[in-house]
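Here is a walk through one protein model, helix by helix and then residue by residue. Keep the structure open while you read and try to find each part as it comes up.

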Amino acid sequence: MSASSSDPSVPVLTIDGPSGSGKGTISAAVAAALGWHLLDSGAIYRAVGYAAGMAGLDLSDPEAVTRCAQNTRIAFRAPKEGGPARVFINGFDATDEIRTETCGAAASAIAAMPAVRSALFERQRAFRKAPGLVADGRDMGTVVFSDAPCKVFLTASAEERAKRRYKQLKEKGLSVTLATLLREIEARDERDATRKVAPLKPARDAVIIDSTSLTIAEAVERVLGIVRAALPRHATTRN
Ligand code: C5P
């Protein structure tokens, strides 16, 4: 795929931040309100981590994992009944499988490899299609769409993020403890923020939103306000 597959005239809103900051939910709600496409870049890293694990690859072998990143087919398909897109890996619906903590840790490990990030760069850029794109990730505003006209860095305290994750996992019937989740979140934050390539940090021109004491609706409204102010011509909300 060539770089020209990404149209620079199409507006992009980047939403970066650590896990549990509410990025996923807020990005999806903002994309729906604007009628824009959505890129869940974390799902792409998770899909590669999952595919590499299924193939029995050594997750610390950059060459093997990079080949896997290049060769794995990853597709997002909106279900007929509506709701979030399903994630298909080589034709297999792995939407639920990629959401486990193990897969998150695998994604974070392979995401620290520069060659893996390069292999996934154009794939992510190709999501930039009219009428606009909301790009959710860690390096959307700093690397992948550094030319985006509108950037948000969403954060929340580690304790609040662990609590949100705990609630989600409990609702799915999974057995976890809050203390373990907090430890895992802090370890993942540390790895994502200190890695040499594309570390998690706000872009210089990003607006920082702390969602610790905001409801989802409040955070969505704040993000939409930022888009409206930056892109009055493009940001016509659907509701
Ligand atoms: O956002 P999510 O938790 O699904 O991402 C899983 C992992 O993928 C993150 O912990 C991070 O290491 C990696 N990632 C990344 N760059 C992105 C998105 C995700 O390095 N743009």
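Two residues count as being in contact when they have heavy atoms within 4.5 Å of each other. Keep in mind that this is a predicted model.

**Helix α5 and its neighbours**

With that idea of contact, let's start with α5. Its buried residues pack against β2 (37-40), α2 (41-54), α3 (62-71), α4 (101-111) and α6 (140-144). Which residues of α5 are buried? They are Val-116, Arg-117, Leu-120, Gln-124 and Arg-125. If you look down the axis of α5, these buried residues fall within an arc of 140°, so they line one face of the helix.

**Helix α1**

Now turn to α1. Here the buried residues are Lys-23, Ile-26, Ser-27, Val-30, Ala-31, Ala-33 and Leu-34. Seen down the axis of α1, they fall within an arc of 160°, so they line one face of that helix. What do they pack against? The partners are β1 (12-16), β2, β6 (133-137), β7 (150-155) and α9 (216-230). Right after α1 comes Gly-35, which has a positive phi, near 75°.

You can also check the length of both helices, counting 1.5 Å a residue:

| Helix | Residues | Expected span | Distance between end C-alpha atoms |
|---|---|---|---|
| α5 | 114-125 (12 residues) | 16 Å | 17 Å |
| α1 | 23-34 (12 residues) | 16 Å | 16 Å |

For α5 the distance agrees with the expected span, and for α1 it agrees as well.

**How α2 meets α4**

How do α2 and α4 sit relative to each other, parallel or perpendicular? They pack at an angle of about 100°, and their axes are 8 Å apart. Angles of 65 to 115 degrees count as roughly perpendicular, so α2 and α4 are roughly perpendicular to each other. On the α2 side, the residues that take part are Tyr-45, Arg-46, Val-48, Gly-49 and Tyr-50, and they meet Cys-103, Gly-104, Ala-106, Ala-107, Ile-110 and Ala-111 in α4. Sorted by class, this contact has eight nonpolar, two polar and one charged residues.

**Two residues up close**

Let's zoom in on Phe-76, which lies in strand β3 (residues 74-77). Its relative accessibility is 25%, so Phe-76 counts as partly exposed. Leaving out residues up to four places away in sequence, Phe-76 touches Asp-40, Ala-43, Ile-44, Ala-85, Arg-86, Val-87 and Phe-127. Phe-76 and Leu-200 are 124 residues apart in sequence, and their C-alpha atoms are 24 Å apart in space.

Is Gly-141 buried or exposed? Gly-141 sits in helix α6, and with a relative accessibility of 3% it counts as buried. Not counting neighbours within four places in sequence, Gly-141 is in contact with Thr-14, Asp-16, Ser-146, Lys-151 and Ala-203. Between Gly-141 and Met-54 there are 31 Å, C-alpha to C-alpha, and the two are 87 residues apart along the chain.

**Backbone details in the loops**

Some loops have backbone details to look for. In the loop between α5 and β6 you'll find Pro-131, and the peptide bond from Ala-130 to Pro-131 is cis, with omega near 5°.

Asn-90 isn't a glycine, yet its phi is positive, about 50°. Asn-90 is in the loop between β4 (86-89) and β5 (92-93), and at 39% relative accessibility it counts as partly exposed.

Ala-198 isn't a glycine either, and it has a positive phi of about 45°. You'll find Ala-198 in the loop between α8 (178-194) and β8 (207-210). Its relative accessible area is 12%, so Ala-198 is buried.

Technical notes: Residues numbered from 1 in each chain as written. Predicted model: local features only at pLDDT ≥ 70, side-chain atom pairs only at ≥ 80, totals over all residues. Heavy atoms only, no water. Helix = DSSP H or I, 4+ residues; strand = E, 2+ residues; numbered from the N terminus. Expected span 1.5 Å × (residues − 1). Buried < 20%, exposed > 50% of the residue type's maximum accessible area, 1.4 Å probe, protein only. Arc of directions from axis to C-beta. Axes fitted to C-alpha atoms, helices over the stretch in contact; angles between N-to-C directions. Parallel < 35°, antiparallel > 145°, perpendicular 65-115°, else oblique. Nonpolar A, V, L, I, M, F, W, Y, C, P; charged D, E, K, R; others polar.
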